[in-house]
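Please examine the protein displayed below and follow the explanation with the structure in view. The text begins with the whole chain and then turns to particular helices and residues.

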Amino acid sequence: MAVELDVFVGNTIIMSEEVYQLWLDGYTVNDAVKVRMDGGALDEFEANADVVQSDTMDQYRTFQMCERLLHSPTKLANQLLFQIPPHRQATLIERYYAFDDGFVREVLGKKLSKGTKKDLDDISAKTGVMLKSCRRQFDNFKRVFKVVEELKGPLVENIRQHFLLSDKLARDYAAIVFFANNRFETGKRKLQYLTFQDLAFCAGQLINNWTVGAVDNMVEDMDVDLDKEFLQELKELKVLITDKDLLDQHKSLVCTALRGKTKAFNEMEANFKNLSRGLVNIATKLTNTKDVRDFFIDLVEKVSCPENFLSFHFVVWDRYMGVIKSCIFKMYHD
């Protein structure tokens, strides 16, 4: 008996977002098949185990072939080998460059080198992120860092243009690049309560206020390197704690500006000298590379009454204190 079949032939690649995520997470084909079957793939697709196995293997091969293009996302849009709709391309890129907050927190501020990569086994065990996924994420950090470290222009915009990432993810990568470049210490026990998003927020404040790009928007490494001239100028703050007349005048100006605007005003006014000394001591040492690296540790150790610092404000040095206030608020109140 003759059987009529309708056949459609096309070259648009069909990808399962679930399988793609399993591949990104580092699952083997067999483990991914088990996850899919446990999730009801047999009933959903009315298929048997062999079909799920074959489908998973086929998609894994496709992802592996696409991976080299994902290393340079702009090439994905211009290639002809894989017919992938634009919206699906965006999803592939965004998910490929997504990362686990627990993993990035462990490597944040460390040098993106072979030495750090050797520690990924331990980081994988500590965070529960599969080793293959750890390696992908680390290689992504390193790749983005290498591409943008010498580019002129805003760091976030450079990342967004070269890697086609969303604004949120581009800003997160900007924070990773910034921390890796300046080697801020973030791994000490006393800083472990801070999440990646806490530190990424602080990085955004530093980039917008303390880098060379905050002054000149067309210099090399504008959003990566701290403005050395500005850090040198911070030494002038020392006069605020060595000269009694200036200290009194400074206190008067700050108190006048803040009276009635904060619940912590009375505490701030009573402890003004100690608070001023702590902040000025941090500021005047930032010309030293080690002190820059220990910036967040110093904020925790030398800010004895963090609530008060939300209100503490240097009238003359807004550029310094604007960042300090934002960082302190994020570190202690989120």
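The protein chain has 22 helices and zero strands; here helices (H or I, at least four residues) and strands (E, at least two) are DSSP runs, numbered from the N terminus. This is a predicted model, in which local features need pLDDT of at least 70 and side-chain atom pairs count only at pLDDT 80 or more, while totals for chains, interfaces and linings use all residues. Residues are numbered from 1 along each chain as its sequence is written, and side-chain values use heavy atoms, with hydrogens and water left out.

Of the 334 residues in the protein chain, 45% are buried. Buried means under 20% relative accessible area, exposed means over 50%, and partly exposed lies in between (1.4 Å probe, protein chains only). A contact means heavy atoms within 4.5 Å. Among the contacts in the protein chain with a separation of 6 or more, 68% are between residues 24 or more positions apart.

Helix 1 (residues 17-24) offers a place to begin a closer reading. In the segment before helix 1 lies Ser-16, which caps the N-terminal end of this helix: a side-chain oxygen of Ser-16 lies 3.3 Å from the backbone nitrogen of Glu-18. A polar atom of the Ser-16 side chain also lies 3.2 Å from the backbone nitrogen of Val-19. Leaving aside residues up to four places away in sequence, Ser-16 touches Gln-59 and Phe-63. After helix 1 comes Gly-26, whose phi is positive, near 95 degrees.

Which residues of helix 1 are buried? They are Val-19, Tyr-20, Leu-22, Trp-23 and Leu-24. These buried residues pack against helix 2, helix 4 (49-70), helix 6 (86-97) and helix 10 (131-148).

The pairing of helix 1 with helix 2 (residues 29-38) can be described by its geometry: their axes come within 10 Å and cross at roughly 140 degrees. That makes helix 1 oblique to helix 2, because angles under 35 degrees count as roughly parallel, over 145 as roughly antiparallel, 65 to 115 as roughly perpendicular and the rest as oblique. Axes are lines fitted to C-alpha atoms, for helices over the stretch in contact, and angles run from 0 to 180 degrees between N-to-C directions. Glu-18, Val-19 and Leu-22 of helix 1 make the contact with Ala-32, Val-35 and Arg-36 of helix 2. These residues divide into four nonpolar, no polar and two charged. In this grouping, Ala, Val, Leu, Ile, Met, Phe, Trp, Tyr, Cys and Pro count as nonpolar, Asp, Glu, Lys and Arg as charged, and the others, Gly among them, as polar.

Is Arg-36 of helix 2 buried or exposed? Arg-36 is buried, with a relative accessible area of 5%. Its side chain is joined to that of Asp-55 by a polar contact of 2.8 Å. A polar contact is a pair of N or O atoms within 3.5 Å; within protein, one must be able to donate a hydrogen and the other to accept it, and residues adjacent in sequence count only if both atoms are side-chain atoms.

Two loops further along the chain complete this account. Leu-164 lies in the loop between helix 11 (155-163) and helix 12 (167-182). Although Leu-164 is not a glycine, its phi is positive, about 55 degrees, and at 39% relative accessibility it counts as partly exposed. Arg-183 lies in the loop between helix 12 and helix 13 (196-210). Arg-183 is not a glycine either, yet has a positive phi of about 55 degrees; with a relative accessible area of 31%, Arg-183 is partly exposed.
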